[in-house]
Amino acid sequence: MLVDSHCHLDRLKAAPDQDSLEQILTDAKTRGVDWFLCVNVRQQDFTRMRERMAAYSQVFLSAGVHPLDVEAGLSIEQLRQHALDPRVVAIGETGLDYFYAPESKAAQLQCFEQQVAVATDIGKPLIIHTRDAREDTLAVLRNGYAEKCGGVLHCFTESLEMAEAAMELGFYISVSGIVTFRNADELRSVIKQIPQERLLVETDSPYLAPIPHRGKENQPAFVRDVAQFVADLREEPLSELATYTTDNFFRLFRDAARLAGRD
């Protein structure tokens, strides 16, 4: 059993309607992927995402504003309302991205700080996006007492030092298909050193398809390829990695565990 701990099912070009979405989930199931966390990036998209996923009890949701979507705005009141939905198990995707949008640094920081405050207040874990913003990301998490709610640094591409600092705050490290890329030697070195009890796997679909699917739209079924690659990298059986990453997912996302009957 595997969990795709971070995907954007509502953004898949291969799933323009419910029939095609159901087929994608079925394809994932045949490869041992039983659970999915569909991650919100814009508040304006939340209601449509929730409605599209309503028929699928194996799909959990998050609510939040991505750092590259801060221009679309954040309503704290609306975020709190979305977070009350019983299917919402996390706040995010939030964080900082100074690589693609250094010009919006101030707006990103404010939006990130506000979402950390909501997460710690309501007790739902954070889904963090961080790129070229290590110091500020950790500072916001520390200053916002994010250890109260915990969370995950998704699609991790940072240093071992940042991973260790995040884990000290109770955060998990999630690995995407980037780990399979030819130029990812440093990342592979880091992932080999992450403790079993802090590791998750994801696709971030429809983005970042792993080898051998490069050039295709990423799909949740491909988390099996990520998991197999990471298991080989860490010299562990796939069954062992699948077990502990699934356990970690439900330990972090307690509301998902309750919904899945694993609490």
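This is a guided tour of a predicted model, arranged as a series of selections to make in the viewer.

**Stop 1: helices α5 and α6**

Begin by selecting helix α5, residues 134-143, together with helix α6, residues 160-168. Two packed helices are described by the angle between their axes and the distance between the axes. Here the axes come within 11 Å and cross at roughly 5 degrees. Because angles under 35 degrees count as roughly parallel, α5 is described as roughly parallel to α6. To display the contact, show the side chains of R134, T137, L138 and R142 on α5, and those of M162, A165 and A166 on α6.

Remain with α6 and colour its buried residues, which are L160, M162, A163, A165, A166 and M167. What do these buried residues pack against? Their partners are strand β5 (126-131), helix α5, strand β6 (151-153), strand β7 (171-175) and helix α7 (185-191). After α6 comes G170, which has a positive phi near 90 degrees.

**Stop 2: D132, in the loop leading to α5**

Next, select D132 in the loop between β5 and α5. Most residues other than glycine have a negative phi, and most peptide bonds are trans. D132 is not a glycine, yet its phi is positive, about 55 degrees.

**Stop 3: D204 and its surroundings**

Move to D204, in the loop between β8 (199-201) and α8 (223-233). Is this residue buried or exposed? D204 is buried, since its relative accessible area is 8% and the limit for a buried residue is under 20%. Leaving aside residues up to four places away in sequence, D204 touches D4, H6, C7, H8, H154, C155 and N218. Add Q219 to the selection: D204 and Q219 are 15 residues apart in sequence, and their C-alpha atoms are 8.4 Å apart.

In the loop between β8 and α8, P206 should be selected next. The peptide bond joining S205 to P206 is cis, with omega near 15 degrees. P212 also has its place in the loop between β8 and α8. The bond from I211 to P212 is likewise cis, and its omega is near 20 degrees.

**Stop 4: K13 and N218**

N218, already named as a contact of D204, also serves as the starting point for a distance to K13. The C-alpha atoms of K13 and N218 are separated by 9.9 Å, although the two residues are 205 residues apart along the chain. K13 is located in the loop between β1 (2-7) and α1 (18-30). Its relative accessible area is 76%, so K13 is exposed.

**Stop 5: salt bridges**

The model has 13 salt bridges by the rule applied; a few are visited here. Select R11, R42 and D45, which are linked in a network of salt bridges. Within this network, the side chains of D45 and R42 meet at an N to O distance of 3.4 Å. D45 is partly exposed, with 23% relative accessibility, and R42 is partly exposed at 25%.

Then select E236 and R234, a salt bridge whose closest N and O atoms are 3.4 Å apart. Both E236 and R234 are buried. Between them in numbering is E235, in the loop between α8 and α9. E235 is exposed, with a relative accessible area of 76%. Its phi is positive, about 55 degrees, although E235 is not a glycine.

Finally for this stop, select R262 and D247, whose salt bridge has its closest N and O atoms 3.1 Å apart. Which parts of the chain does this pair link? R262 belongs to the segment after α10 (254-259), whereas D247 lies in helix α9 (residues 238-252), and the two are 15 residues apart. R262 is partly exposed, with 34% relative accessibility, and D247 is partly exposed at 32%.

**Stop 6: a nonpolar surface patch**

End the tour at the surface by selecting L68, F99 and Y100. These residues form a nonpolar patch with about 300 Å² of accessible area together. L68 is in the loop between β3 (59-63) and α3 (76-83). With a relative accessibility of 31%, L68 counts as partly exposed.

Definitions and conventions: Residues are numbered from 1 along each chain as its sequence is written. This is a predicted model: local features need pLDDT of at least 70, side-chain atom pairs count only at pLDDT 80 or more; totals for chains, interfaces and linings use all residues. Side-chain values use heavy atoms; hydrogens and water are left out. Patches are made of residues with over 30% relative accessible area and no salt bridge: like charges are joined within 9 Å, nonpolar side chains (Val, Leu, Ile, Met, Phe, Trp, Tyr) within 5 Å. Accessible areas come from the Shrake-Rupley method with a 1.4 Å probe; for residues, only the protein chains shown count as cover. A salt bridge is a side-chain nitrogen of Lys or Arg within 4 Å of a carboxyl oxygen of Asp or Glu. Helices (H or I, at least four residues) and strands (E, at least two) are DSSP runs, numbered from the N terminus. Buried means under 20% relative accessible area, exposed over 50%, partly exposed in between (1.4 Å probe, protein chains only). Axes are lines fitted to C-alpha atoms, for helices over the stretch in contact, and angles run from 0 to 180 degrees between N-to-C directions. Angles under 35 degrees count as roughly parallel, over 145 as roughly antiparallel, 65 to 115 as roughly perpendicular and the rest as oblique. Contact means heavy atoms within 4.5 Å.
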